[in-house]
Amino acid sequence: MLFYMKKVRGLGLKKNFSGRLYIVEGCDGSGKSTQVYLLKKWLESQGYFVFFTEWNSSDLLKTYTKKAKRKNLLTPTTFSLIHACDFADRYEKLIQPHLRAGHIVLCDRYVYTAYARDIARGCDPEWLHNLYNFAVRPTTAFYFKAPLDISLGRILTGRSVIKYHEAGMDLGLSKDPVESFKLFQGIIKEQYDNMAEEEGFIIMDATKSIEQQQTEMRAIIEKTLVGYRSPIDLSRRPQLVCGGD
Amino acid sequence: MTDANLLFYGIGLPYLKLSKKSVRGKLIVIEGADCSGRSTQVTMLKEWLEASGHAVLDTGLRRSGLVGEAIDEAKKGHTLGKNTLSLLYATDLADQLENNIIPALKAGYIVLADRYIFTLMVRDLVRGADREWLKKLFGYALIPDHIFYMSVDTDVLLHRALLKYGHLDYWESGMDVCLSSDMFDSFTKYQSQIKDKFDELAQEYGFDVVDGSKSAEEIHLYMRDSIALLLKSTEKSPLNMAVPKLASATIRTRKTK
């Protein structure tokens, strides 16, 4: 029953949605954003309406999260909660309504990012699972697994500054941002590797060529689209594609 | 009821490695609906405690610098999902807990919290939240040393709200719950549901239920006695709790020095 949304937990809700939810996870520099972008292009070319959303982008929370990070006001718990607010806002306003309406939703990072980062910061795993259990399980979760030196290399070349929290400086792993970033990414990778089986990730070999990875992803997604019908016919109303402007 | 040796309701804040010993102060919570008289009591208690020589920190909801503004902004637009609003309040409280309440308690302060996790739980429960989810979410909260709950009947709250604001508030009437499109009707229904949920929590969390229809002075004296007892039972207070004139006496000795 891989094709269907698994049950929604939390707040006493148990529901199946007619839409499809595909998410990508992985360390910074694993290439997941490139892949999810190509996926969107492909799905749209197939005539589907696709809704895309990324981590930490709620209009409501963005400014406050930024301010808090800049002032270095966050503890592991408030760091976790403020990101949960951001996710909840996007989930309730964007992700869930689109899924209920029967659309395809793509997420660049999902609850697993929070699991990996917040556990690394010292939050309790069970508390975190409870925190996010209002979120539906994805139809397919892709985990882009790359050896640490490869993802680090991609990020560290062409980047002069690594932000404080991005480097996990608040964990006190090292005084040097680059060193801290390396150690932090190592812990995050370990977290992803640990949850991969339990969460049913599709593990992508992020060292393969971009085209190869994309082909594999498309084949997997095609299977989950058997029997799926877009609730709207985009070919008849092309103006919807660029709606909003 | 909770075990006297426990610091937190749930998982707590594991990375803080807080011990019961290091929390020298006392956390006293005053819960109750809007217009139940909480703030009046907090003001009176603070006055009395300080006069008796205790350092006091008073806290309330939505006062954190982190997301307080976000809550205000979002409520104005009424565009919030239920989980998002719950989590925003949970963030606000966690921030105050870690950055104000716990440091104050460690320094030996008496913290008077004008509302705590219970108000948040009650609001969410009325909005259909899962009780177990809430319990785990608020597992980071420190167990208070004493919880007063100001119990006031809905019709009394109604009159107080009208006297205080001149109108009924959208959120305090629970208009987002859609109990009725009529605000007056909605207020009555919503507040009585809130009261029911508070009553349920009162049992589970061992609230000291105070009859909020009594006069402010009467309630204050009752709270004083309970707090004096609490302070006496755990440590020998260096100062005489019964003497409210101590403040002026302190000033006099300072002058003579």
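Two residues are in contact here if their C-beta atoms, placed from the backbone, lie within 7 Å. With that criterion in hand, begin the tour of this predicted model at helix H2 of chain A, whose buried residues pack against helix H3 (76-100) of chain A together with H2 of chain B.

**Stop 1: helix H2 of chain A**

Select residues 62-70 of chain A and colour Tyr64(A), Thr65(A) and Ala68(A), which are the buried residues of this helix. Those residues cover an arc of only 100° around the axis, which puts them on the same side of H2(A). If you then turn to the face of H2(A) that points away from its buried side, you will find the exposed residues Lys66(A) and Arg70(A). Continue along the chain past the end of the helix to Asn72(A), which follows H2(A) and has a positive phi, near 60°.

**Stop 2: strand E4 of chain A**

Next select residues 140-145 of chain A, the strand E4(A), in which 6 of the 6 residues are buried, so the strand is largely enclosed by the rest of the structure. Which residues lie on each side of E4(A)? Thr140(A), Phe142(A) and Phe144(A) are on one side, while Ala141(A), Tyr143(A) and Lys145(A) are on the other, and both faces are covered.

Now add the strands that pair with E4(A). Strand E1 (residues 20-26) of chain A runs parallel to E4(A), with 5 bridges between them, and within this pairing Glu25(A) has Tyr143(A) as its bridge partner. Strand E5 (residues 202-205) of chain A is also paired with E4(A) in the parallel sense, over 4 bridges, and here Phe142(A) is bridged to Ile202(A).

**Stop 3: the side of chain B that touches chain A**

Show both chains and select the contact region, where 28 residues of chain B are in contact with 28 residues of chain A. On the chain B side, helix H2 (68-77), helix H3 (82-106) and helix H5 (131-137) each supply at least two residues. Which element gives the most to this side of chain B? It is H3(B), with 9 residues. Colouring the chain B side of the contact region by residue class will show 16 nonpolar, 7 polar and 5 charged residues.

**Stop 4: the largest nonpolar core**

The largest nonpolar core holds 125 residues, and those touching the most other members are Ile82(A), Ala84(A), Cys85(A), Leu88(B), Ala90(B) and Val111(B). H3(B) gives the most to this core, with 11 residues. Centre the view on Leu88(B) and, leaving aside its neighbours within four places in sequence, look for its contacts with Cys85(A), Val67(B), Ala70(B), Ile71(B) and Ala74(B).

**Stop 5: chain B as a whole**

Hide chain A and follow chain B from the N terminus, where the elements run β-α-β-α-α-β-α-α-β-α-α-β-α-α, a total of 9 helices and 5 strands. Buried residues make up 38% of the 257 residues in chain B. Of the contacts in chain B with a separation of 6 or more, 80% are between residues 24 or more positions apart.

For a residue outside these elements, select Asn5(B), which is placed in the segment before strand E1 (26-32) of chain B. Is this residue buried or exposed? Asn5(B) is exposed, because 6 other C-beta atoms lie within 10 Å, whereas a residue counts as exposed at 12 or fewer. Draw a distance from Asn5(B) to Lys20(B), and the C-alpha atoms will be 7.5 Å apart, although the two residues are separated by 15 residues in sequence.

**Stop 6: confidence**

Finally, colour the model by pLDDT, bearing in mind that its scores are ipTM 0.82 and pTM 0.86. Chain A has a mean pLDDT of 88, with 89% of its residues reaching 70 or more, and chain B likewise averages 88, with 89% of the residues scoring at least 70.

Among the elements of chain B, strand E4 (residues 146-151) has the highest mean pLDDT, 98, and helix H9 (residues 246-256) the lowest, 36. The pLDDT is below 50 over residues 239-257 of chain B, a stretch with 13 contacts in the model beyond near neighbours in sequence. In chain A, pLDDT stays under 50 over residues 1-14, for which the model has 29 contacts beyond four places in sequence. Residues 240-245 of chain A also have pLDDT below 50, with 2 contacts beyond near neighbours in sequence. Where pLDDT is low, the predicted coordinates should not be read in detail.

Note on methods:
Residues numbered from 1 in each chain as written. Chains lettered and ligands numbered in written order. Predicted model: local features only at pLDDT ≥ 70, side-chain atom pairs only at ≥ 80, totals over all residues. Nonpolar A, V, L, I, M, F, W, Y, C, P; charged D, E, K, R; others polar. pLDDT = per-residue confidence, 0-100. Core = buried A, V, L, I, M, F, W, Y, C linked by C-beta atoms within 7 Å. Buried ≥ 20, exposed ≤ 12 C-beta atoms within 10 Å, placed from the backbone. Pairing = 2+ DSSP bridges. Arc of directions from axis to C-beta.
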